Structure formats: C-alpha cells, structure tokens
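Biologist: I am new to this structure and would like a close look at its interior. Please take me through the buried parts one after another, in plain terms.

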Amino acid sequence: MNTRMRRAAVAVAATAMAVSLAACGSAKESGNAAGGAKESEGGKKTDALKIGLLLPENQTARYEKFDKPLIEKKVSELTGGKGEVVYANAKQDATVQTQQIDTMITNKVDVLILDAVDAKAVANGVKKAKDEGIPVVAFDRLAEGPIDAYTSFDNEEVGHVQGKALLEALGDKAEDAQIVMMNGAITDPNAKLFKKGALAELEGKVKIGKSYDTKEWKPENANANMEGALSALGKDKIDGVYSANDGMAGGIITALKGAGLSKLPPVTGQDAELAGVQRIVAGEQFMSVYKPYAPEAAAAAEMAVALAKGEKLDSIAKDTADNASVKGIPSVLVPVVSLTQDNIKDTVIADGIYTVAEICTPKYKAACDKLGLK
C-alpha cells in the first residue's frame with residue numbers, strides 16, 4: 001500500500017450549504033476571468049482567493065450534493081467570505097477535464113482542487129498548472145503529475161470493509177460460496193485500491209466466478225455485466241456480489257430481479273447514496289460504505305487555501321501518499337464506516353446526511369418501521 005494512514009477520530013458535521021455559483025460540464029468555466037488573488041502591499045496574498053474546483057462526474061450523487069457545497073462553505077469560512085470557488089464538472093470526460101484545467105489556468109486561479117476523471121490522462125494538465133505557479137490538491141482520487149497535496153479516504157480499507165461485510169453476510173456458507181466481483185473503472189486509481197482490499201479479504205475464502213472492471217462506473221454497464229454473469233454461471237449459482245459502489249449495486253440488483261430470483265444474494269456498495277440506503281432498509285442491498293464527506297471536503301479546502309497563500313501544510317496534513325511523480329505528498333486520509341441496517345440511525349441520520357423522511361418514503365415506510373426508523 002503506498003499510503004500511510006494515521007487514524008484519528010473524525011467529527012462529522014455534514015450540513016450542506018448551497019452556494020449560488022454556476023456549474024458547467026464543458027471547457028467554459030463559471031466565475032470571473034480576471035486575474036488571481038489580490039496581494040497586499042507586502043506582496044502576501046489576501047483572502048480574496050480564486051479556487052478552482054474540478055469534479056469528475058455527476059452520476060454519483062455525492063459530488064454535487066455534498067462535495068461541492070461543503071468545499072464552498074469551508075472556503076467561505078476560511079476566507080471570511082472573500083474566497084471565490086470557480087467550479088466545473090467534467091461529466092466523466094477526461095478530454096473535457098483537460099480543457100477545464102486549461103481554462104482555469106487562463107482564468108488565473110490561485111489553486112486547483114482536482115478530482116480526476118482519469119488519473120493518468122490528467123498528468124499533463126497538472127504539470128501545466130504547476131508551471132504557471134498554480135498548486136494542485138488531488139481530491140478523492142490521487143492524480144498523476146506534480147501534485148502538492150491529497151485528501152481522500154483510506155481506499156484500500158474501503159475494499160477490506162466491503163470484503164469483510166460480504167463474508168459476514170455469507171456466514172457459514174462462505175467456504176462453498178461463489179461470488180461475482182463488480183469492480184470500478186480502470187481509469188480510477190481508487191478502484192484498483194478498492195479491489196486490492198476486497199481481494200485481500202475474499203481470495204481463498206470464496207470462489208470468484210466472474211470479475212469485471214466496470215466502464216465509467218455506470219450502473220447500466222454493471223447491469224449488463226451482471227446479466228452476463230447470470231447467463232454464464234446460472235442464477236442459482238451466485239451466492240453474493242461484490243459491488244464497488246452503490247450506483248453499480250442498483251444496476252446489479254435490477255439484473256438479479258430480472259432473472260427472477262425470489263431471494264437476492266447479499267450485495268455490497270459504497271458512498272451511502274440515498275437509493276443505496278433505501279435498498280439496505282428494504283433488505284435488497286446488504287451494505288454500503290459510509291464515507292464522511294465533511295472532513296474530506298474540509299481538508300481539501302484547508303490545504304487549498306493554505307497553498308494559495310504560500311503556507312505550509314504541516315498542521316493540516318498528517319499523512320503522506322506517493323504517485324508516480326512525487327513521493328511523500330502531504331495527505332489527509334479519512335476513516336470509513338460499514339453501513340448496514342444496524343447503524344443507519346447512528347451514521348447518515350445522526351450526521352445529517354439524510355432525514356428519516358428522505359429515507360422512509362411511502363415505498364419504504366413498512367421496512368423503516370421494522371428497523372425503528374421513525
């Protein structure tokens with residue numbers, strides 16, 4: 001594993017505050033095209049910073065529902081309301097994201113927070129930014145190139161948590177069980193780490209009948225892969241499914257239902273998306289991985305503001321990570337939680353991610369009542 005994690009208790013206060021900033025998914029960025037941060041007479045940058053935020057896609061609910069508003073809120077707090085977040089979403093297109101980086105450079109942002117669509121493809125863009133004196137904070141995914149800072153979750157641990165949960169669901173049947181692995185996109189370095197962690201738990205303990213790397217993380221691609229696995233293995237020969245995230249779990253479960261299974265095998269997930277939480281409540285999905293977005297977003301904002309001001313990261317980043325270009329990148333790694341029916345109330349509800357009313361719509365009310373979610 002190329003990261004060293006220092007575990008710390010993380011207090012999550014995830015109240016998302018929407019900030020009225022335009023978002024776009026093309027090379028046309030929102031925000032002011034004027035120069036970067038203003039400087040005082042002494043040459044030191046003030047709080048009037050321009051921070052570029054590039055997120056990879058909008059199919060996963062977390063990015064625009066949680067990450068964007070949380071980063072905007074923290075930047076506003078850190079700069080006394082003077083910092084501007086210039087936002088763009090690449091909508092899963094690496095070429096578009098490269099164009100967005102170029103536009104951010106032209107717009108003279110003071111720092112970039114970058115969640116890469118394709119970790120390798122973005123390396124040249126990262127170098128361009130650095131050449132123009134713009135620091136880059138890798139957010140959620142460790143991009144290649146001369147990155148200055150990084151924040152994410154312990155992604156290999158995510159896989160361990162998922163694998164352990166699947167074995168728990170299989171119980172005594174695990175030894176003779178056959179599972180399907182639905183991994184994420186090969187362009188996402190996190191997917192490799194999720195897979196590595198999961199395999200460390202699963203290999204030698206269950207039979208892996210089929211394994212897929214799912215293009216673009218799309219639920220429809222996971223659905224098609226699952227239909228292929230059902231055809232190849234037989235619907236009665238699949239005892240569990242490792243799904244790397246909740247979106248794909250939805251596509252997988254649709255395929256399982258379509259095959260006429262009266263009792264669904266346990267299916268894992270990640271991101272604690274509302275639809276995933278509802279499937280857990282209904283007993284259709286066994287678990288998800290709850291990743292507290294607030295501390296990750298706060299770390300990204302804190303490191304970005306510090307870098308834009310030319311400050312050191314020693315007091316913020318206690319961990320390190322390596323990519324192909326840089327060793328010892330200052331990093332903040334946030335712990336994760338296995339989310340099941342047993343702890344919905346103590347996690348996503350207690351932390352304000354969702355209300356009981358949001359989860360327990362009429363379709364799920366009876367299941368919620370059984371779990372005491374009222």
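Modeller: This is a predicted model. The largest nonpolar core has 89 residues. Those with the most contacts inside this core are Ile-113, Val-180, Met-226, Ile-344, Val-348 and Ile-359. Helix H9, residues 293-308, gives the core its largest share, with 12 residues. A second core, separate from the largest one, has 23 residues, including Leu-114, Val-136, Ala-321 and Ile-329. As background, in soluble globular proteins nonpolar side chains tend to be buried together.

Ile-359 can serve as a sample of the largest core, being among the residues with the most contacts inside it. Neighbours within four places in sequence aside, Ile-359 is in contact with Leu-274, Val-277, Gln-278, Val-281, Ile-344, Ile-349, Tyr-354, Tyr-364 and Cys-368. One of these, Ile-344, is also listed among the residues with the most contacts inside the core.

Next comes Met-181, which sits in strand E7, residues 178-183. Met-181 has a relative accessible area of 0%, so it counts as buried. With neighbours within four places in sequence left out, the residues in contact with Met-181 are Ala-198, Leu-199, Leu-202, Ile-208, Lys-210, Ser-211, Tyr-212 and Tyr-242. The C-alpha atoms of Met-181 and Lys-195 are 8.8 Å from each other, and the two residues are 14 residues apart along the chain.

Strand E3 covers residues 84-89, and five of its six residues are buried, so the strand is largely enclosed by the rest of the structure. Strand E2, residues 50-55, pairs with E3 in the parallel sense, over six bridges. In this pairing, Leu-53 has Tyr-87 of E3 as its bridge partner. Helix H1, residues 62-78, joins E2 and E3 in a right-handed β-α-β unit.

The loop between E3 and helix H2, residues 94-106, holds Lys-91. Gln-92 is in that loop between E3 and H2 as well. Most residues other than glycine have a negative phi. Lys-91, however, has a positive phi of about 50°, and Gln-92 has a positive phi of about 70°. Neither Lys-91 nor Gln-92 is a glycine. Gln-92 is buried, because its relative accessible area is 15% and the cut-off for buried is under 20%.

Asp-140 lies in another loop, between strand E5, residues 136-139, and strand E6, residues 149-153. With a relative accessible area of 3%, Asp-140 is buried. Residues up to four places away in sequence not counted, Asp-140 touches Arg-62, Tyr-63, Asp-115, Tyr-150, Thr-151, Ser-152, Phe-153, Asn-155, Asn-190 and Glu-296.

Last, there is the empty space. The structure holds one cavity of 30 Å³ or more. About 120 Å³ of space lies in the largest cavity. The lining has 14 residues, and those closest to the centre of the cavity are Tyr-63, Arg-141, Asp-188, Trp-217 and Asp-271. Tyr-63, named here, is also one of the residues that Asp-140 touches. Helix H1 and helix H5, residues 189-202, each supply at least two residues of the lining. H1 is also the helix of the β-α-β unit with E2 and E3.

Methods. Residues numbered from 1 in each chain as written. Predicted model: local features only at pLDDT ≥ 70, side-chain atom pairs only at ≥ 80, totals over all residues. Heavy atoms only, no water. Core = buried A, V, L, I, M, F, W, Y, C linked by side-chain atoms within 4.5 Å. Buried < 20%, exposed > 50% of the residue type's maximum accessible area, 1.4 Å probe, protein only. Helix = DSSP H or I, 4+ residues; strand = E, 2+ residues; numbered from the N terminus. Contact = heavy atoms within 4.5 Å. Pairing = 2+ DSSP bridges. Right-handed = clockwise from strand over helix to strand, strands pointing away. 1 Å grid on protein atoms, 1.4 Å probe; cavity = no way out; pocket = protein on both sides within 12 Å on 5 of 7 lines; lining within 4 Å. Points joined across faces, edges and corners; volume = space filled by probe spheres on them.
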